[in-house]
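Work through the two exercises below with the sequence and the model open beside you.

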Amino acid sequence: MAEKSAVDRSTFDKVILPVYSPAKFIPVKGKGSRVWDQQGKEYVDFAGGIAVTALGHCHPALVKALHEQGETLWHVSNVFTNEPALRLAQKLIDATFADRVFFANSGAEANEAAFKLARYYASHRHSPYKSKIIAFHNGFHGRTLFTVSVGGQPKYSDGFGPKPADIVHVPFNDLDAVKAVIDDHTCAIVVEPVQGEGGVTPATQAFLQGLRELCDKHQALLVLDEVQSGMGRSGKLFSYMHYGVTPDILTTAKALGGGFPVSAMLATEDVASVMEPGKHGTTYGGNPLACAVAEAALDIINTPEVLAGIDERREKFISALEGINQKYHIFKEFRGQGLLIGAELSDGFKNRAGEFHAAAAEFGLMMLIAGPNVMRFAPSLVIDFADIEEGMGRFEKAVDKVVGG
Ligand SMILES: *Cc1c(COP(=O)(O)O)cnc(C)c1O
């Protein structure tokens, strides 16, 4: 067998396309909510691979599903269907509003499928001119040209040539702004129930409900991007379930495979029925390995025990953060849903999220930021209480260093 050559963080700077600037250390092993780097240093994981490893690292049930499927059947393409994909689709349908599922491999691809479907549905059912998509400032939907253009941060979409047309952005949680631009040429409103990358901001009840009503009035589809907020993250299986607002199309990815790349677009029968063989596709979508792992993840996440534990863990996080804040006064607001938590820095610490993030790593804590002013926590949904305590202790040391230094 070929020798594995030695690699370290400096290798990254030579061989990887410079679109990321990863932390100084390289994780090599994980178990539950603990991770170890190349030097054997241990970390508490409050990042969860950006809301992906919802059951922690190397959960035995997921390892078992991967192992068993790995010795059975890896890939057949969509020229054939397969049992894990059919089982997972049925379970997603049973658990949600949806009647039909399309599998892909990433959040961006699930959204790409959703946006194409919304456009196709409108042109098929109504008119080829019904193509306007309404989306929101600071929204994030992925990095393909269509999804990044629907996203509400021009710094991510500028410089790549002409963008897909007829996409309008308005402020999030501002129903009047939507009313001002929606019309009968609108095919869809695309929204995250909790803006993740944009700063961990939940939609208000009146906003999401109002979007549903506006969509109905103008025969537009409500597309919910639950790539980050879905699969238990919010405390319910999907965030829309908190609002009692039912979408026409929903996308899920990140935690769907618990760390194995897989995504899905869910749709109602009516919306799905405009599609026909050949209209859309992907080689890997519905891959048996991915679906077997995702089925195991869904079986665990969609249980009262796991879902009920999420609010309890959120309370632990918030009370620890409040304790730190009483000493250091670095935060002005805590927000989010379930175990997607945003802590906005107070004005005295503006633009310093990166410093806290780097200091946390020094003290053995992996966490996230959401823009320059928000510390973001997206841990495992089953993180041990002892790990929360230990991680928050480390975070306090990091805060002390940044504030004191
Ligand atoms: C992460 C994310 C995406 C993109 O998912 P990828 O798997 O990176 O393509 C899309 N929408 C939301 C809300 C996300 O958080």
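A polar contact is a pair of N or O atoms within 3.5 Å, where within protein one must be able to donate a hydrogen and the other to accept it, and residues adjacent in sequence count only if both atoms are side-chain atoms. The model is predicted, so local features need pLDDT of at least 70 and side-chain atom pairs pLDDT 80 or more, whereas totals for chains, interfaces and linings use all residues. Residues are numbered from 1 along each chain as its sequence is written, and side-chain values use heavy atoms, without hydrogens and water.

**Exercise 1.** Describe the surroundings of the residues that UniProt lists for "binding site".

*Solution.* Step one: the unreviewed UniProt entry lists Arg-143 and Thr-282, and such annotations may be inferred rather than shown by experiment.

Step two: Arg-143 is in the loop between β5 (132-136) and α6 (145-150), and it counts as exposed because its relative accessibility is 54% (exposed means over 50%, buried under 20%, with a 1.4 Å probe and protein chains only).

Step three: Thr-282 lies in the loop between α11 (269-272) and α12 (288-301), and its side chain makes a polar contact of 3.4 Å with the side chain of Asn-105.

**Exercise 2.** Locate the largest nonpolar core.

*Solution.* Step one: a nonpolar core is a set of buried Ala, Val, Leu, Ile, Met, Phe, Trp, Tyr and Cys residues joined through side-chain atoms within 4.5 Å.

Step two: the largest has 82 residues, and Met-375, Phe-377 and Phe-395 have the most contacts inside it. This core lies between domain 1 (9-58 + 304-404) and domain 2 (73-301), because both give residues to it (the bounds come from an automatic or database domain assignment).

Terms used. Helices (H or I, at least four residues) and strands (E, at least two) are DSSP runs, numbered from the N terminus.
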